[in-house]
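Let's walk through this fold together, from the overall layout down to single residues. Please keep the sequence and the structure side by side as you read.

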Amino acid sequence: MTGRNKSCWCGSGRKYKHCHLRREEEEPLSQQRIEAMLIRNRRRSQCMHPEAGSTSCGRAVRAHTIPRASTLGEITDQTNHVLSFYPGLLTAPLYEGPWRVGWRRAATFAGFCSNHDNATFALVEDRAFGATGEQCFLLAYRAVCYELWMKRWLDDAVPGLRDVLDRGKPREEQRDIQQCLTWFHTGVRRGLVDIAYWKEHMDRALMSQDYAQWAHCVFTLGGHLCVAGTGVMTPELDYHGNEIQTLENLGDRVFPLALSMIVSEGKEVHIIMSWPAETGVELSHTR
Ligand SMILES: [Zn+2]
Ligand SMILES: [Zn+2]
């Protein structure tokens, strides 16, 4: 039995009487209230451009992660909505989707001020896609920035979740929930360190216009685009089943594989995989 004035067993650093004492008697929060709390507690985003500064940048705007006119525009309905499995919140289970989302909100994140957003990504938003190294790099850069932004948010969100997710639950369940959150947070923090490293790596390539530091593999498909997405993965195997990295050691830095999509003027769909060239990994499917 934990003493009232001792540190709480959950590791919050607070006294037991101010933390888990009588947690099982507390009123559980509804999913809507948890979501509202997560949004309220979200840190105000700063522009993520390497030259960002408090005077040069305005507020971070909703920056698109999928090219707006060429690609997202292909999948909107007549009222400019898309169906999204990802509402931008943590607590709604994916199986409850998809949700209808206005295309200006779909697949966006408050990652860049409007000046840097427009200037940095003009080559993929306003120009025809020609699979140049610079265009592929920019698509990957945005995916990596989004991943970093998301991981920062998750990192910030966990302490708040610790206080509310186990309210009204029996003690054994409280321990299970807190244990899951500890593992989850450990993974988020490790991922955050890695993705921050690669984002800085890309910042340097962006500023020096040395786009060859990132390797790309472009798949071009015909037919009509009906689904779009973007993101970052950390694959362990290449196409041939060879191990390219291992994720099980928390001390090892892992590298990302960014996945992007864009529709070119001829309505061809391009799926682009991007990864750091220095890894020496070859993912070409033509071999
Ligand atoms: Zn506690
Ligand atoms: Zn900016």
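How many helices and strands make up the secondary structure of the protein? There are 4 helices and 8 strands, where helices (H or I, at least four residues) and strands (E, at least two) are DSSP runs numbered from the N terminus. What you are looking at is a predicted model, in which local features need pLDDT of at least 70 and side-chain atom pairs count only at pLDDT 80 or more, while totals for chains, interfaces and linings use all residues. Residues are numbered from 1 along each chain as its sequence is written, and chains are lettered from A and ligands numbered from 1 in the order in which they are written.

Start with the overall layout. Read from the N terminus, the elements follow the order α-β-β-β-β-α-α-α-β-β-β-β. The C-alpha trace extends over about 65 × 45 × 40 Å along its principal axes. Of the 287 residues, 25% count as buried; a residue is buried if 20 or more other C-beta atoms lie within 10 Å of its own, exposed if 12 or fewer, and partly exposed in between, with C-beta atoms placed from the backbone. Contacts, for their part, are pairs of residues whose C-beta atoms, placed from the backbone, lie within 7 Å. Among the contacts with a separation of 6 or more, 68% join residues 24 or more positions apart.

Now find helix α3, residues 133-164. The expected span of a helix is 1.5 Å times one less than its number of residues. For the 32 residues of α3 that gives 46 Å, and the end C-alpha atoms are indeed 46 Å apart, which agrees. Follow α3 along and you will meet a kink of about 35 degrees at V158, shortly before the proline P159; the bend at a residue is the angle between axes fitted to the seven residues ending there and the seven starting there.

Which helices pack against α3? One of them is α2, whose axis lies 9 Å from that of α3 at an angle of about 125 degrees. Here axes are lines fitted to C-alpha atoms, for helices over the stretch in contact, and angles run from 0 to 180 degrees between N-to-C directions. The two helices are therefore oblique to each other, given that angles under 35 degrees count as roughly parallel, over 145 as roughly antiparallel, 65 to 115 as roughly perpendicular and the rest as oblique. F121, L123 and V124 of α2 make this contact with E134, Q135, L138, L139 and R142 of α3. The crossing of α2 with α3 is left-handed, meaning that the near helix is turned anticlockwise from the far one by less than a right angle, whereas clockwise would make it right-handed.

Helix α1, residues 31-40, also meets α3: their axes come within 10 Å and cross at roughly 150 degrees. α1 and α3 are therefore roughly antiparallel, and their crossing is right-handed. On the α1 side look for I34, M37 and L38, which meet A157, G160 and V164 in α3.

Next comes α4, residues 171-208. Its 38 residues should span 56 Å, and the end C-alpha atoms are 55 Å apart, which agrees. α3 and α4 pack with their axes 8 Å apart at an angle of about 150 degrees, which makes α3 roughly antiparallel to α4. Their crossing is left-handed. Which residues of α4 are buried? They are Q178, G191, I195, W198 and M202, and they pack against α3 and β8 (269-276).

Let's finish with a few single residues. Most residues other than glycine have a negative phi. Q209, in the loop between α4 and β5 (214-221), instead has a positive phi near 55 degrees, and its 9 C-beta neighbours inside 10 Å make Q209 exposed. R22, in the segment before α1, also has a positive phi, near 65 degrees, and counts as exposed with 7 such neighbours inside 10 Å. W99 sits in strand β3 (residues 99-102) and is partly exposed, with 16 C-beta neighbours inside 10 Å. The C-alpha atoms of W99 and H81 are 9.7 Å apart, with their positions 18 residues apart along the chain.

Notes. Two residues are in contact if their C-beta atoms, placed from the backbone, lie within 7 Å.
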